[in-house]
Amino acid sequence: MTQTITLYVDGACRGNPGLGGWGAYVITESEEHKIYGGEPHTTNNRMELMAAIEGIKFCPTDAKLIIWTDSNYVKQGITEWIHGWKKKNWKDVKNPDLWKLLDATCQGREIEWNWIKGHAGHAGNEMADQLANLGADKTLKSMKNPSEETVILDKKKDEKDWLLDDPFGFDLMDSDAQDDDEILENDDQTLEHFEAEITQVETIQENLTSEEDILSSAATPLTSDHPHIVITPRSKEVFGPRQLILDTETTGFYFQDTDRIIEVGAIEMVNRKLTGSSIHIYINPKKAVGDSENIHGISDAFLQDKPVYADIAEVLFNYLKGAEIIAHNANFDMNFLNMEFKRAGFVALSEVCSVTDTLAMAKNKHPGQKNSLDALVRRYEVPQRDRTFHGALLDAEILSDVYLAMTGGQVSFDMDTLTASEQQEAQTARQQSVQVDLPIILPSAQELDAHETWIKQFEEKHGTACLFAK
């Protein structure tokens, strides 16, 4: 039987362009593999592509591959954009060498491409990120060779486009690397900077016994003594009130009628930024899940070896207490949590946490419209995930995107959610708008070519469709 292999791939770049690394975390049915590499002068997009290429090449050609990447540039490029690039013979495409190599590497293989949100606490994605940074660290260490340093310093900088190259530095806000202008300004200062970073890498490696220690110390979540409680630590240092986007799965709808919680998932947010921290627990309800399995896909057999609520109550209570709980139809989740904590000898969770119900928010913001989580995902154009079965942590991740969009972003006008009369009113308003004949100045052929080139560069850099595309 053909085996199925899961790959998490990621790239990293300290400056864009700058020192970069790629990593691929390969999970087979019987073992795990961690591969990585880097280049002294590259871009983030090239490292994202290299991670996918090397990860695929590592796997047997007859295996089914399930690839997870946090780069829309890679995911959409290989599944959508590449067909148009081929038709135009790769005209004006950035990184054509790697796109052609990735395309060739994929030929004859069964591959499922998936997007995953980066730095959101997914263990596989976090491991790929750590591998990419390890690849950059190893490349930096090899740069002790002066000839390699000279190659970097002699590279000419391309003329920058103010939109493509982000003059305000938003793309580099999370980077600890120096600005490229500073690196290229003075050769002596650059060499000193590289030497300092090399020394820092060596110090880290001396303190840890092996590369595996580096990986495990960075990617292993803070856990309790119980093997079934997964607590992922923060990946960034933040300060402020905690918000926990939370969801539960249960054996039924009635907390007062012996139904019980079987799964809890929550992700942490501070100052509207996900910290990377999360908690996820499966719980044995000591009763059959019944027809609810059709919703969440969690079976009695799967829950048989999981802890009962009383065994995990203290750890879960300590993680949740003091935070603002954000949930969709929060009354449902809070009634179950209050009931379970009281059974375990704790006070009700609602006594130590404030609660925000996103369903009530949505009904107030969009009266008379559908306000299920799926409807809000469509309305706010949140990236869709596979929700064949509901999962507590997955739904919490989706709700975090919806909450941020609903409380701070613009929403597209979803005509599908309007009633027939409301759609008719909108159509009439459009027809009654004032019509003014304006002169039309058509662009020249040269201007159209320049515009199309710019659009492609923008989409390749940002991994998303450009507003100004046709």
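These are my notebook entries on cores, strands and a surface patch in a predicted model.

**Entry 1. Main core**

I began with the nonpolar cores. The largest of them has 31 residues. I listed the residues with the most contacts inside this core and found L7, L65, W99, L102 and W113. Next I asked which elements give two or more residues to it. They are the strands β1 (4-14), β2 (18-27) and β4 (64-69), together with the helices α1 (44-58), α2 (72-87) and α3 (96-106). The largest share comes from α1, with seven residues.

**Entry 2. L65 and the second core**

I then took L65, one of the residues with the most contacts inside the largest core, and looked up its partners, leaving aside its neighbours within four places in sequence. On that basis L65 touches I5 and L7, then I56 and C59, and finally the run R109, E110, I111 and E112. I also noted a second core, separate from the largest one, with 26 residues. Among its members are A266, Y309, M334 and L349.

**Entry 3. T139**

I looked up T139 in helix α4, which spans residues 123-142. Is T139 buried or exposed? Its relative accessible area is 9%, and the cut-off for buried is under 20%, so T139 counts as buried. I again set aside neighbours within four places in sequence and listed what T139 contacts: L19, G20, G37, G38, E39 and P40.

**Entry 4. Strands β7, β8 and β9**

I turned to β8 (261-270) and checked its burial. Ten of its ten residues are buried, so β8 is largely enclosed by the rest of the structure. I then went through its pairings. With β7, β8 pairs in the antiparallel sense over nine bridges; L244 has E268 of β8 as its bridge partner. With β9 (residues 273-282), the pairing is also antiparallel, over seven bridges. There I noted that I267 has S278 of β9 as its bridge partner.

I looked at the hairpin of β8 and β9 as well. Two residues lie between the strands, and N271 takes a positive phi near 55 degrees.

**Entry 5. Surface patch**

Last, I looked at the surface. Which residues make the nonpolar patch of about 340 Å²? I found F253, Y254 and I295. I placed Y254 in the loop between β7 (242-250) and β8. This loop joins the two strands whose antiparallel pairing over nine bridges I recorded in the previous entry.

Key:
Residues are numbered from 1 along each chain as its sequence is written. This is a predicted model: local features need pLDDT of at least 70, side-chain atom pairs count only at pLDDT 80 or more; totals for chains, interfaces and linings use all residues. Side-chain values use heavy atoms; hydrogens and water are left out. Patches are made of residues with over 30% relative accessible area and no salt bridge: like charges are joined within 9 Å, nonpolar side chains (Val, Leu, Ile, Met, Phe, Trp, Tyr) within 5 Å. Accessible areas come from the Shrake-Rupley method with a 1.4 Å probe; for residues, only the protein chains shown count as cover. A salt bridge is a side-chain nitrogen of Lys or Arg within 4 Å of a carboxyl oxygen of Asp or Glu. Helices (H or I, at least four residues) and strands (E, at least two) are DSSP runs, numbered from the N terminus. A nonpolar core is a set of buried Ala, Val, Leu, Ile, Met, Phe, Trp, Tyr and Cys residues joined through side-chain atoms within 4.5 Å. Buried means under 20% relative accessible area, exposed over 50%, partly exposed in between (1.4 Å probe, protein chains only). Contact means heavy atoms within 4.5 Å. Two strands pair if DSSP finds at least two bridges between them.
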